[in-house]
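Here are some short exercises to work through with the structure open beside you. Try each task yourself, then compare your steps with the worked solution.

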Amino acid sequence: MTTQDKAAAHVAVNGRDYRWPAAPTVVICLDGSEPGYIEGAIDRGLAPNLDRMMRTGANLAALSAIPSFTNPNNISIITGAPPKVHGIAGNYFLDPESGEEVMMNEARFMRADTIMKAFCDAGARVAVVTAKDKLRALLAKGLDLASGRAIAFSAEKADQATLAGNGIANALDVAGMPLPDVYSAALSEFVFAAGLAIAESFRPELMYLSTTDYVQHKAAPGSAVANAFYAMVDHYVGALDRLGCVVALTADHGMNDKHLANGEPDVIYLQDEFDRLVGAGAARVILPITDPYVAHHGALGSFATVYLPADADRVHVIDALRRLPGVDEAMDRAEACARFDLPADRIGDVVVLSGRHKVLGTTRAKHDLSGLTEPLRSHGGLFEQRVPMILNRRVALPADAALRNFDVFHVALNLVS
Ligand SMILES: [Zn+2]
């Protein structure tokens, strides 16, 4: 395409139209970036670039998709659409075709194309770098990695990246860092280091960087550990800004303390409750936060969906759930799908959301809490839905505009001045 053609070009995907990037555009999903983390680092003078962006660019708030978990939100962001469109309603679900509980991290579970694929197919150079490998296959869905115009790999498995499978070889050399531990702040730093190097050398027109919430699960806003992490983020955001990129930063979900005063997780064990309500083992509790990275959260989050036996009295069950201390909301499938734009075939008969400081479990014995070295912080419900949206350019929107985090590509491509 000529420069003139590109300037006039739009790319349509999932019912939305996106302008061709006027400048290289980088969308960053800062995993678990509850409002307050960035401000905490700014207060200590550790994030001058983010501070400047928020004052002279755009400092907006957005709501995540529900459940406020990593996979549904990353896929909402990269498709520009809610879970009912792309089908990824959790990290984990009950596959109705097999009756098995499985990870929802394979591209075959995704029902929509990504914005990255649409731009790559239209001739753009694109790059995706994610911290955890659980997201790579979903984020890279449909990308023509043999085209020479697409890169997609994870920091977790950067040592295994190949030209044929990821559009990049020697990813460790590109990032200039050793392979990080999957449970580390360095896993996110690797994403930024690789992203900056790719921005300088490969010059993608569109790039998506997605970090991990290892730090946010362990450390509250304003803490020394969190501030050090955001100082690192600020360094790379500043470098991308100096390269002339449009930088848009949002989060997949927020994060809250979910523990008792003694430091133990504050859990409602739902399988025990359902055993009492509808009979032992009759209901099947699914926790869509479940993933291979249990040290982050012990599979304890604030959203659960439950399959009931056919003869269960749903009205009675929902009524009983609503009266449980710590339950924020309980509703049937139809109401949950209507309110949260969820795919009905991947949601149980009942949806339960817990309060700001509560999490939902199955039974105590099923949760491996050995990896929880700090009092639990987690997410999944309505109290972790509010996230920042920050750009280094002004946008044609009022500060109180009603935004979803999955509007971020629309804002970065269509609304920047
Ligand atoms: Zn996350």
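**Exercise 1: Neighbours in the core**

L143 is in contact with M116, K117, C120, V126, V128, A150, I151 and A152, leaving aside its neighbours within four places in sequence. Keep in mind that this is a predicted model.

Task: Which residues of the largest nonpolar core touch the most other members?

Solution: Start with the size of this core, which has 68 residues. Next, pick out the members that touch the most others: M116, F119, V126, L143, Y208, L391 and F409. Then look for a second, separate core; that one has 51 residues, including A47, F190, F192 and V215.

**Exercise 2: Classify a ring pair**

Task: How do the rings of W20 and F119 lie relative to each other, and which parts does the pair tie together?

Solution: Two values are needed, because a pair of aromatic rings is described by the distance of the centres and the angle of the planes.
- Step 1: the centres of W20 and F119 are 5.5 Å apart.
- Step 2: their planes meet at 55°, so this pair is tilted.
- Step 3: W20 is in the loop between β2 (16-19) and β3 (25-29), while F119 belongs to helix α6 (residues 115-121), so the pair ties together parts 99 residues apart in sequence.
- Step 4: both W20 and F119 are buried.

Now compare another pair. F229 and Y230 lie 5.4 Å centre to centre with 80° between the planes, which is edge-to-face. Together with Y37, F229 and Y230 form one aromatic cluster. In total, the structure holds 7 aromatic pairs.

**Exercise 3: A residue in a strand**

Task: Is T250 buried or exposed, and what does its side chain reach?

Solution: First locate T250, which is in strand β10 (residues 246-250). Its relative accessibility is 0%, and buried means under 20%, so T250 counts as buried. The side chain of T250 then reaches the backbone oxygen of P388 at 2.8 Å. Beyond four places in sequence, T250 touches several residues, among them I28, C29, L30 and V408.

**Exercise 4: Read a hairpin**

Task: How many bridges join β5 to β6, and which residue in the turn has a positive phi?

Solution: Strand β5 (residues 92-95) and strand β6 (residues 100-103) run antiparallel and are joined by 4 bridges. One bridge partnership is that of D95 with E100 in β6. The two strands, β5 and β6, form a hairpin with 4 residues between them. In that turn, G99 has a positive phi of about 75°.

Conventions:
Residues numbered from 1 in each chain as written. Predicted model: local features only at pLDDT ≥ 70, side-chain atom pairs only at ≥ 80, totals over all residues. Heavy atoms only, no water. Phe/Tyr/Trp six-rings, centres within 6.5 Å; stacked < 30°, edge-to-face > 60°. Buried < 20%, exposed > 50% of the residue type's maximum accessible area, 1.4 Å probe, protein only. Polar contact = N/O pair within 3.5 Å; in protein donor to acceptor, adjacent residues only side chain to side chain. Contact = heavy atoms within 4.5 Å. Pairing = 2+ DSSP bridges. Core = buried A, V, L, I, M, F, W, Y, C linked by side-chain atoms within 4.5 Å.
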